[in-house]
Each structure stands twice: as C-alpha cells, then as structure tokens.
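Work through the exercises below with the model in view. Try each task before reading its solution.

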Amino acid sequence: MSGTDKVVPTTTEDTPATPGWVETSLDSILASLPVSAEKLVPFRASYLDCLAGCGRATDLDSAHDSCRQGLLRALKDGLEFDSATLRTLEQKLEKLELDISSAI
C-alpha cells in the first residue's frame, strides 16, 4: 500500500477508535429502519463493500457520496421506503461517512 492510499476502517482493519466501529455504526443506523434486519443484509453488504473500495479514491467525499446514493437507490427500489425515511437515512449515513473520513 502506498503512502497515499486511504484505508476505510472495517471489522478487519483497526481504526483510531475500535475495530469494526463502521459496521457497528451502520448496523445501528439500519436498525432504525422499519424493516427486518434480514431484508437489509444484501444492502448492508453492498454498502460496506463500496466503502471498502473508497480507500483508493482520490476524492473520498465523492466516493462516499456514490456509495450512499447507491444504497439509497437500492433501498428505494427494493424496499420502497418513503422519502422522509430515506432523507433521515441519508443524513445518518452522511454523518457516518464524515466520521470515517476524520478517522483515516
């Protein structure tokens, strides 16, 4: 890994705080949605995979935005959440992504 590569913290990569804090935070965010956690598993996995890929992005904010928008589109199309729920979710994900950016 070169000195310019960023690492998005996951369960397998230590962060300044606690290993796995991104997944724990995401689980907490998703738990607030009016649907069973079982239905969210593929969406969660896809979002975490996208975030993990952001480690090599030159524009981390743009990369995170792309991950977030992809998750929101998938949830809207796949589970038909209403606009208010998606707006609240988007705000929580933006906060998570800011926390990720400040940790790396």
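**Exercise 1. Surface and burial**

Task: State how much area the protein chain exposes and what share carbon and sulfur atoms supply.

Solution: This is a predicted model. The protein chain exposes about 6,100 Å². Carbon and sulfur atoms supply 50% of that area. Now turn to the residues. The protein chain has 104 of them, and 35% count as buried.

**Exercise 2. Fold pattern**

Task: Count the helices and strands, then read the pattern along the sequence.

Solution: Start with the count. The protein chain has 4 helices and 0 strands. Next, read along the sequence: the pattern is α-α-α-α. Then look at the contacts with a separation of 6 or more. Residues 24 or more positions apart account for 62% of these.

**Exercise 3. The core**

Task: Find which elements give two or more residues to the largest nonpolar core.

Solution: Take the core itself as the starting point. The largest nonpolar core has 25 residues. Tyr-47, Leu-75, Leu-89 and Leu-93 have the most contacts inside it. Two or more residues come from each of helix H1 (21-31), helix H2 (37-53), helix H3 (60-79) and helix H4 (83-103). H3 gives the largest share of this core, 6 residues. As a general background, nonpolar side chains tend to be buried together in soluble globular proteins.

**Exercise 4. How H1 meets H2**

Task: Decide how H1 and H2 are oriented to each other.

Solution: First, take the axes. They come within 11 Å and cross at roughly 140°. Second, apply the cut-off: only angles over 145 degrees count as roughly antiparallel. H1 and H2 are therefore oblique to each other. Third, note the hand: H1 passes H2 in a right-handed crossing. Last, list the residues that meet. H1 brings Val-22, Glu-23, Leu-26, Asp-27 and Leu-30. H2 brings Leu-40, Arg-44, Tyr-47, Leu-48 and Leu-51.

**Exercise 5. Arg-68 and Tyr-47**

Task: Does Arg-68 count as buried or exposed? Then list what Arg-68 and Tyr-47 contact, leaving aside neighbours within four places in sequence.

Solution: Locate Arg-68 in helix H3. Its relative accessibility is 7%. Buried means under 20%, so Arg-68 counts as buried. Beyond those sequence neighbours, Arg-68 is in contact with Tyr-47, Glu-90, Leu-93, Glu-94 and Glu-97. Now switch to Tyr-47. With the neighbours within four places again left aside, Tyr-47 is in contact with Leu-26, Cys-67, Arg-68, Leu-71, Leu-93, Leu-96 and Glu-97.

Note on methods
Residues are numbered from 1 along each chain as its sequence is written. This is a predicted model: local features need pLDDT of at least 70, side-chain atom pairs count only at pLDDT 80 or more; totals for chains, interfaces and linings use all residues. Side-chain values use heavy atoms; hydrogens and water are left out. Buried means under 20% relative accessible area, exposed over 50%, partly exposed in between (1.4 Å probe, protein chains only). Contact means heavy atoms within 4.5 Å. Accessible areas come from the Shrake-Rupley method with a 1.4 Å probe; for residues, only the protein chains shown count as cover. A nonpolar core is a set of buried Ala, Val, Leu, Ile, Met, Phe, Trp, Tyr and Cys residues joined through side-chain atoms within 4.5 Å. Axes are lines fitted to C-alpha atoms, for helices over the stretch in contact, and angles run from 0 to 180 degrees between N-to-C directions. Angles under 35 degrees count as roughly parallel, over 145 as roughly antiparallel, 65 to 115 as roughly perpendicular and the rest as oblique. A crossing is left-handed if the near helix is turned anticlockwise from the far one by less than a right angle, and right-handed if clockwise.
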